[in-house]
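Work through these exercises with the model open beside you. Try each task before you read its solution.

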Amino acid sequence: MANRPVYIVTKTGVQKTDVDFTWIKGMALSQKQKNVLSFHKDISKQLNILENEILEVSTKSINPLGYSLSAFNLKTKTKKELEFSVESAFQSSKVFTKGGPYKDLFYADARTAKKDSRLQESGDLLHFEFFNNKVELNLGTMFYDWLYINTLLKNPDLIKEISKYSAFTDIEFNPKKSFNTQAFSVALFICLQKNNVDMTNFSSIEDFKEKTRDYYGFPNLFHFV
């Protein structure tokens, strides 16, 4: 058995609920996709959510939409038409006690950026720096969500497709080992959209912080630390 969170969009926020499900061992893509199916089946049974309303958001997603929404694959371009992914932007923004930010990772492919040895050899994480924005760690997952949602806003075709889903998972996310998850970022976006939150100025971290602050205080939700 395994236990993973599912993020459910409600009228007042995003609810995180942990669900037990049968885990199938193996590192192959086919095995991980079997785990997605097992997870979604048990979510449906335990929480009374239709399986076709649950979207796996990761590179292991069987649904092409969920695959495209992975932080590894979700991309946009700078004003100079240089492409970058959410994952590369996130990793290139980390500042440690012994180095960073490693800006060369910004345009690297997502896997190369995430596995760069400097990220493990530079000491403790201090904060994030993204262009002229400095974001402290005490804002919890906000920096990651800000990067993700701003990139998603540049992909209107994907936005049109995700509105029919109400619950989001990330089979690769283990809360015991990681902190940020693309599944929550998508759920937060849908929640903001349903509540008619104006996202036109979300490129400003201060505007994002002000308009999303209340959503981070919802019960069972990732919150400020």
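**Exercise 1. The largest pocket**

How much space lies in the largest pocket? Then find what lines the largest pocket.

Solution. Keep in mind that this is a predicted model.

Step 1. The largest pocket holds about 880 Å³ of space.

Step 2. Its lining is made up of 33 residues. Glu 87, Gln 91, Lys 114, Ser 178 and Asn 180 are the ones nearest the centre.

Step 3. Turn to the elements. At least two lining residues come from each of helix 3, strand 6 (94-96), helix 4 (110-115), helix 5 (118-121), strand 7 and helix 6 (142-152).

**Exercise 2. The sheet of three strands**

Find the order of the open sheet of three strands, and say which strands stand at its edges.

Solution.

Step 1. The order is 6-7-8, and the pairing is antiparallel.

Step 2. Strand 6 and strand 8 each have a single partner strand, so they stand at the edges. One side of each is therefore left without a neighbour in the sheet.

Step 3. Check the twist. On average, neighbouring strands of this sheet are turned by 35° against each other, direction ignored.

Step 4. Look at one pairing in detail. Three bridges hold strand 6 and strand 7 in the antiparallel sense. Phe 96 has Leu 125 in strand 7 as its bridge partner.

Step 5. Add the helix. Helix 6 lies across strand 7 and strand 8. It runs at about 25° to strand 7.

**Exercise 3. The aromatic rings**

Classify the ring pair Phe 90 and Phe 128: stacked, edge-to-face or tilted?

Solution.

Step 1. The model has 16 aromatic pairs, counting rings whose centres lie within 6.5 Å.

Step 2. Take Phe 90 and Phe 128. Their ring centres are 5.3 Å apart and their planes stand at 35°. Stacked needs planes under 30 degrees apart and edge-to-face needs over 60, so this pair is tilted.

Step 3. Place the two residues in the chain. Phe 90 belongs to helix 3 (residues 86-92), and Phe 128 to strand 7 (residues 125-130). They are 38 residues apart, so the pair links distant parts of the chain.

Step 4. Test for burial, which requires under 20% relative accessible area. Phe 90 has 7% relative accessibility, so it is buried. Phe 128 has 6%, so it is buried too.

Step 5. Compare another pair. Phe 202 and Phe 208 are edge-to-face, with 4.9 Å from centre to centre and 70° between the planes. Both of these residues are buried.

Step 6. Trace the cluster. Ring pairs link Phe 84, Phe 90, Phe 106, Tyr 107, Phe 128, Phe 130, Phe 131, Phe 143, Tyr 144 and Trp 146.

**Exercise 4. One member of the cluster**

Is Phe 131 buried or exposed?

Solution.

Step 1. Locate Phe 131. It lies in the loop between strand 7 and strand 8 (133-136).

Step 2. Apply the cut-off: exposed means over 50%. Phe 131 has a relative accessible area of 62%, so it is exposed.

Step 3. Gauge a distance. From C-alpha to C-alpha, Phe 131 and Glu 210 are 20 Å apart in space. In sequence they are 79 residues apart.

**Exercise 5. The sheet of four strands**

Describe how strand 1 is paired and how enclosed it is.

Solution.

Step 1. Start with the sheet. It is open, has four strands in the order 2-1-9-3, and shows mixed pairing.

Step 2. Find its edges. These are strand 2 and strand 3 (54-56), each pairing on one side only. Neighbouring strands are turned by 30° on average, direction ignored.

Step 3. Follow strand 1 (residues 2-9) to strand 2 (residues 14-21). The two run antiparallel, joined by eight bridges. A hairpin of four residues connects them. Among the bridge partners, Val 6 meets Thr 17, and Ile 8 meets Gln 15.

Step 4. Add the helices. Helix 1 (residues 29-47) packs on the sheet, touching strand 1, strand 2, strand 3 and strand 9. Its direction makes about 110° with that of strand 2. Helix 8 (residues 182-194) also packs on the sheet, touching strand 1, strand 2 and strand 9. Its direction makes about 20° with that of strand 1.

Step 5. Turn to strand 9 (residues 167-169). Two bridges join strand 1 to strand 9, and these strands run antiparallel. Tyr 7 has Phe 168 as its partner there.

Step 6. Finish with burial. Seven of the eight residues of strand 1 are buried, so the strand is largely enclosed by the rest of the structure.

Conventions: Residues are numbered from 1 along each chain as its sequence is written. This is a predicted model: local features need pLDDT of at least 70, side-chain atom pairs count only at pLDDT 80 or more; totals for chains, interfaces and linings use all residues. Side-chain values use heavy atoms; hydrogens and water are left out. Rings of Phe, Tyr and Trp (its six-membered ring) pair if their centres lie within 6.5 Å; planes under 30 degrees apart count as stacked, over 60 as edge-to-face and the rest as tilted. Buried means under 20% relative accessible area, exposed over 50%, partly exposed in between (1.4 Å probe, protein chains only). Two strands pair if DSSP finds at least two bridges between them. Axes are lines fitted to C-alpha atoms, for helices over the stretch in contact, and angles run from 0 to 180 degrees between N-to-C directions. Contact means heavy atoms within 4.5 Å. On a 1 Å grid over the protein atoms alone, a cavity is a set of points where a 1.4 Å probe fits but cannot get out, and a pocket is an open set with protein on both sides within 12 Å along at least five of seven lines; lining residues have an atom within 4 Å of a point. Grid points are joined across faces, edges and corners, and a volume is the space filled by probe spheres set on the points.
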